[in-house]
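Reader: I have a model on my screen and a pile of terms I only half trust. Could you take me through what each one rests on?

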Amino acid sequence: MTTAGNVTSGCPSGLAPAEQANAGDISAFVRRSAEGNMLQLTVRGAKCAGCLSKIEKNVQALPGVTQARLNLSNGRFDVRWRGELSANDVAGTVSALGYGVAPFAPDAADSAAKSEERKLLIAMAVAAFAAANVMLLSVSIWSGHGEMGETTRRVMHAISGAIALPAALFSGRIFFQSAWSVLRRGHANMDVPISLAVLLALGVSVAETIRGGEHAYFDAAVMLLFFLLIGRFLDARLRRRTHAAAHDLAALQARTVTRLEGDEARSVRADEIVAGDVVLIAPGERLTVDIDVLEGVSEADESLVSGESLPRAIAPGTRLFAGSVNLTQPLRGRAISAASDSLLADIARMLEAGEQRRSKYRRIADKAVSLYIPLVHTTAALTLIGWLLAGAGVREAIMIAVSTLIITCPCALALAAPVVQVVASGRLFRKGVFLRSGDALERIAECDHVVFDKTGTLTLGEPELVRSSHDQDIVQRAARLARASRHPLSRALVAAAGAGSVAAHVKEHPGLGLEAEIEGVRCRLGSAEWVGEETSSATTSLQLWYVEGDASPYRFLFEDALRPGAGDVVETLRRRGISVEILSGDRPDAVATIASALSVTDWRAGASPADKVERLEKLRAAGRKVLMIGDGLNDAASLSLAHASLAPGGAMDVSQSASDGVYTGAGLGAILTMIDASSLARRRMVQNFSLAAVYNFIAVPIAVAGFATPLVAAVAMSGSSIIVTLNALRPGWKRS
Amino acid sequence: MEMLVFLIPVALMLGLVGLVGFIWAVREGQFDDPDGAAARILIDEDRPAD
């Protein structure tokens, strides 16, 4: 046994590191009803049975708790209780056990996706039941060929029809509805030939059964539906899981706001704030609404809003946007409405424009369908006319034409792209990359130009002390003051100094620096003017000055460090012939430093959100397919305009929802993983469509010649679907 | 061949029982937390239930 601390904190199996995340005040997320109080939390780091019982037992031991159930698959934790227990105590109990915890606000999209998934699963089960039982009867008919009496065969066909008809109508309604809705608007999608094949197969089989004919295609109709529904279900399930994972990332930021009502401070959800509410912003808190500052002097870190890495001084009258972090002193502000002149509304409008443009994107599958439908349906029509001209009976000619439609198999074609998408996004999901849209893979694979944001994307977004010939002693002494402050530069200094003592009575002067008296000597840490340094060179790099008494001031330099792997990523991209560009809202010299460290020659600094949009429009006009990677509010509009876009997990939720995918982890390696997976997925899709085409080249002549019996159709259909699926699953996807 | 009169309905009934059971399980939410269900059987009850 190790120390008690290690055993009790976090996952007892050691599958996940212990987390210490303070969820803040979450009482606003409790839903109250007659039966008691309900709270949904998202728990991170719970991996095994030990975690499960530890969390549930400890929460159940709280007074009044009637139910505590953790879902280990998605990390949702449902707690119900009666009485006066505070929601913060529930969250505090979980977080004290060493798990990350955040309030979970269920969104409408999630419950809609859940019922959609259920509907698909049940439709699939019904189709599976029908396919298995009809196949049982069909195999008897095929193997009894020549021996089976006509009455027996007829009865068997009738039973098959009695199973297949209701099952196909029930399971197939998903395809029929979709096909009908696009047909009404004069388009066609993959569901049109699927619906047509199913309905024709059913119709012909019913006619044959009544007539006492030899061939019925009931098995083909339900089997087709079964295979397609497997693909649809897997796709829906993966989409919901990625959506939920991305939603959880965003929920980490969905904090509450302290609203002042008279003298009373109340914690409310950010979406409850209306224009004119007075809110209190504590030091270290991230704003979730736009405010005009009423009271308080402080500094704000606006790197997520503007890309600027230096904190800005805040005084009454300043406007602060959602996403900024208040650093030094508490602020009071008045929430401004999301009216047309607010930054967020502007961005939302630009986002919408980007979304509309993106929905016009034509997938490979769409192109394949537009080739397939006219080709196959013309062939079927020509077959019908050909056989009629050749002197065949009307019934025979129709049978052959319909068997052509069935055997040309929309099945392999309809599975070709979704199966690859499911496999690729499933593998990316396990590596912590969450793809938002199905066609994102295809678009990412096409990109030939990558635009990076700087702050928070290429860099960590946190300053780091530049270690030169620094005396560790002076770092330690300065850190005694710095430990009392939340300023990012102070924190960087403390990080470099490590653990140590903190000076008593440290006073913080916003915009200037810190002051304290240590052993009778007045010590100051802060800007150049604060320590009385008359600096002539107006250097704008990140720096802090430290002075003790009358000694000469000492300067600490900081830099915003590159993320691990940034150099490799840029180098690899360039080697593949993909050009790289940095587009940042930060100061030119800060961007230049990063650009030269990565040897990127193409960079722009000081770009406002509108400048970024303009630059992307220009690139698009030049015919470039741009992959944009950014995290800030100022990137959101350009993310939605780019051909494809990615955002890191720490990005603003607006940026995350504007991009095609979200990657987690500190490094940038995920970007290469994603690009690799996309181009492989694209290759596999093209392969699959080629396989489906080759299959049709063989199958069509057989069907047109009239040799396609139900047995041939069943073998061909399942054979081609299996080949397409195996090709998607074939190894070749990178493991690490 | 007379056996078919029994065998086919029996086969279909068995299949139907499975299908109904599956739909019941989906509606009940039995598939909502597969990881949790796998883990829960490992949790020891300190006292045996009465």
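Reader: What makes the side chains along strand β14 of chain A alternate, and which ones are buried?

Author: In a regular strand the side chains alternate between the two faces of the sheet. In β14 (residues 331-335), L331(A), G333(A) and A335(A) point to one face and are buried, while R332(A) and R334(A) point to the other and are not. Buried means that 20 or more other C-beta atoms, placed from the backbone, lie within 10 Å of the residue's own. So L331(A), G333(A) and A335(A) meet that cut-off, and the two arginines don't.

Author: A word on the model before we go on. It's predicted: local features need pLDDT of at least 70 and side-chain atom pairs count only at pLDDT 80 or more, while totals for chains, interfaces and linings use all residues. Residues are numbered from 1 along each chain as its sequence is written, and chains are lettered from A and ligands numbered from 1 in the order in which they are written.

Reader: How do you know that β14(A) pairs with strand β8 of chain A?

Author: Two strands pair if DSSP finds at least two bridges between them. β8 (residues 278-281) and β14(A) have four, in the antiparallel sense, so they qualify. I281(A) sits opposite L331(A) there. Strand β9 (residues 291-295) of chain A also pairs with β14(A), again antiparallel over four bridges, and V293(A) faces G333(A).

Reader: What makes something a strand or a helix in chain A, and how many are there?

Author: Both are DSSP runs numbered from the N terminus: H or I over at least four residues for helices, E over at least two for strands. Chain A has 23 helices and 27 strands.

Reader: How do you know which residues of chain A touch chain B, and how many are there?

Author: Residues are in contact if their C-beta atoms, placed from the backbone, lie within 7 Å. By that rule chain A brings 19 residues and chain B 18. On chain A's side, α4 (108-143) gives the most, with nine residues.

Reader: Why are 13 residues on that side of chain A called nonpolar?

Author: Because they belong to Ala, Val, Leu, Ile, Met, Phe, Trp, Tyr, Cys and Pro; Asp, Glu, Lys and Arg count as charged, and the others, Gly among them, as polar. The rest of chain A's side divides into five polar and one charged.

Reader: And how much of chain A is buried?

Author: By the cut-off for β14(A), buried residues make up 46% of the 736 in chain A.

Note on methods: Contact = placed C-beta atoms within 7 Å. Buried ≥ 20, exposed ≤ 12 C-beta atoms within 10 Å, placed from the backbone.
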